[in-house]
Amino acid sequence: MARLVLDKANKKILGVCAGLANWSGIDPMIVRLIFAVATLIGFGSPILIYILLAMVLD
């Protein structure tokens with residue numbers, strides 16, 4: 001099973017979405033779109049979650 005890590009080779013900002021996509025086996029663009037839509041809608045705190053994941057993940 002793959003570990004959840006930042007993907008610095010396929011990153012756009014910090015590599016969180018690319019890392020999540022690699023870990024889950026889906027396309028990184030889909031994860032980026034989900035984060036963008038969730039941020040625009042205001043669903044939870046996607047920006048806070050993104051920053052926390054960037055700090056916690058390797």
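Helices are DSSP runs (H or I) of at least four residues, numbered from the N terminus. The exercises below concern a predicted model.

**Exercise 1.** Determine how the span of helix α2 compares with the expected span, and what phi G42 takes just after α2.

*Solution.* Step 1: helix α2 runs over residues 28-41 and thus holds 14 residues. Step 2: at 1.5 Å a residue, a span of 20 Å is expected. Step 3: the distance from the first C-alpha of α2 to its last is 20 Å, close to that expectation. Step 4: G42, which comes just after α2, has a positive phi of about 90°.

**Exercise 2.** Establish which residues of α2 are buried, why they lie on the same side, and what covers them.

*Solution.* Step 1: a residue is buried when its relative accessible area is under 20%, and exposed when it is over 50%. Step 2: P28, V31, R32, F35 and A38 are buried in α2. Step 3: these residues are on the same side of α2 because they cover an arc of only 130° around the axis. Step 4: I34, L40 and I41, on the other side of α2, are exposed. Step 5: the cover over the buried residues includes α1 (16-24) and α3 (46-56).

**Exercise 3.** Describe the largest pocket and its lining.

*Solution.* Step 1: the largest pocket holds about 180 Å³ of space. Step 2: its lining consists of 14 residues, and nearest its centre lie I13, C17, R32, F35 and Y50. Step 3: α1, α2 and α3 are the elements that each contribute two or more residues to this lining.

**Exercise 4.** State which domain the UniProt record places at residues 3-57, and give the helix content there.

*Solution.* Step 1: the unreviewed UniProt entry places "Phage shock protein PspC N-terminal" at these residues. Step 2: over residues 3-57 the chain is 62% helix and 0% strand. Step 3: the end C-alpha atoms of residues 3-57 are 10 Å apart.

Terms used:
Residues are numbered from 1 along each chain as its sequence is written. This is a predicted model: local features need pLDDT of at least 70, side-chain atom pairs count only at pLDDT 80 or more; totals for chains, interfaces and linings use all residues. Side-chain values use heavy atoms; hydrogens and water are left out. UniProt positions are given in the numbering used here, feature names are shortened, and annotations may be inferred rather than shown by experiment. The expected span of a helix is 1.5 Å times one less than its number of residues. Buried means under 20% relative accessible area, exposed over 50%, partly exposed in between (1.4 Å probe, protein chains only). The arc is that of the directions from the helix axis to the C-beta atoms. Contact means heavy atoms within 4.5 Å. On a 1 Å grid over the protein atoms alone, a cavity is a set of points where a 1.4 Å probe fits but cannot get out, and a pocket is an open set with protein on both sides within 12 Å along at least five of seven lines; lining residues have an atom within 4 Å of a point. Grid points are joined across faces, edges and corners, and a volume is the space filled by probe spheres set on the points.
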